[in-house]
Amino acid sequence: MSIDGLMKVLDETSQVIEYSRRLELKSRELESATRELKRTNERLKELDLLKDEFVSTVSHELRTPLTRLRPSRDIADDVDMDQQQRKQLLRLL
């Protein structure tokens, strides 16, 4: 093999080594980004559960008084009911 041929092989080898080094660096960066995304995803799952619990609690807390108000509205809107009877029922609620 000639000197020019050896120089060409040496140059190509140097390029492959440099390319390999850059790929390893990128691989480490991607692994780091993947770990960070996994941590973030876990935190989002935790927050989603907390949100669901909050919405469930608030929904329950709102439904209870609203359920109690509905009969009051129905009684107040009942035109066929005696005024005195209506007042008594509304006081009970």
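Does Glu42 count as buried, exposed or partly exposed, and what is the relative accessibility behind that label: which value does Glu42 have? Glu42 counts as partly exposed because its relative accessibility is 42%; here buried means under 20% relative accessible area, exposed means over 50%, and partly exposed is in between (1.4 Å probe, protein chains only).Before going on, a word on the model. This is a predicted model, where local features need pLDDT of at least 70 and side-chain atom pairs count only at pLDDT 80 or more, while totals for chains, interfaces and linings use all residues. Residues are numbered from 1 along each chain as its sequence is written, and side-chain values use heavy atoms, leaving out hydrogens and water.

**The overall picture**

The chain has two helices and zero strands. Both kinds of element are DSSP runs numbered from the N terminus (helices are H or I, at least four residues; strands are E, at least two). Of the 93 residues, 4% count as buried. The chain exposes about 8700 Å², and carbon and sulfur atoms supply 59% of that area. Accessible areas come from the Shrake-Rupley method with a 1.4 Å probe, and for residues only the protein chains shown count as cover.

**Salt bridges**

Side chains of opposite charge can pair when their charged atoms come close. A salt bridge here is a side-chain nitrogen of Lys or Arg within 4 Å of a carboxyl oxygen of Asp or Glu. The whole structure has eight of them, including these three:

| Pair | Closest N to O | Spacing in helix α1 |
|---|---|---|
| Glu18 and Arg22 | 3.7 Å | four residues |
| Glu42 and Lys45 | 3.7 Å | three residues |
| Glu46 and Arg43 | 3.2 Å | three residues |

Glu18 and Arg22 sit about one turn of the helix apart, and together with Arg21 they are linked in a network of salt bridges. Glu18 is partly exposed, since its relative accessible area is 31%; Arg22 is partly exposed too, at 44%.

Further along helix α1, Glu42 and its partner Lys45 are also about one turn apart. Lys45 counts as partly exposed because its relative accessibility is 45%. For the Glu46 and Arg43 pair, Glu46 comes in at 43% and Arg43 at 44%, so both count as partly exposed.

**A nonpolar patch**

Phe54, Val55, Val58 and Leu62 make a nonpolar surface patch of about 370 Å². Patches are made of residues with over 30% relative accessible area and no salt bridge, with like charges joined within 9 Å and nonpolar side chains (Val, Leu, Ile, Met, Phe, Trp, Tyr) within 5 Å. Val55 lies in helix α1, which covers residues 3-77. With a relative accessible area of 47%, Val55 is partly exposed.
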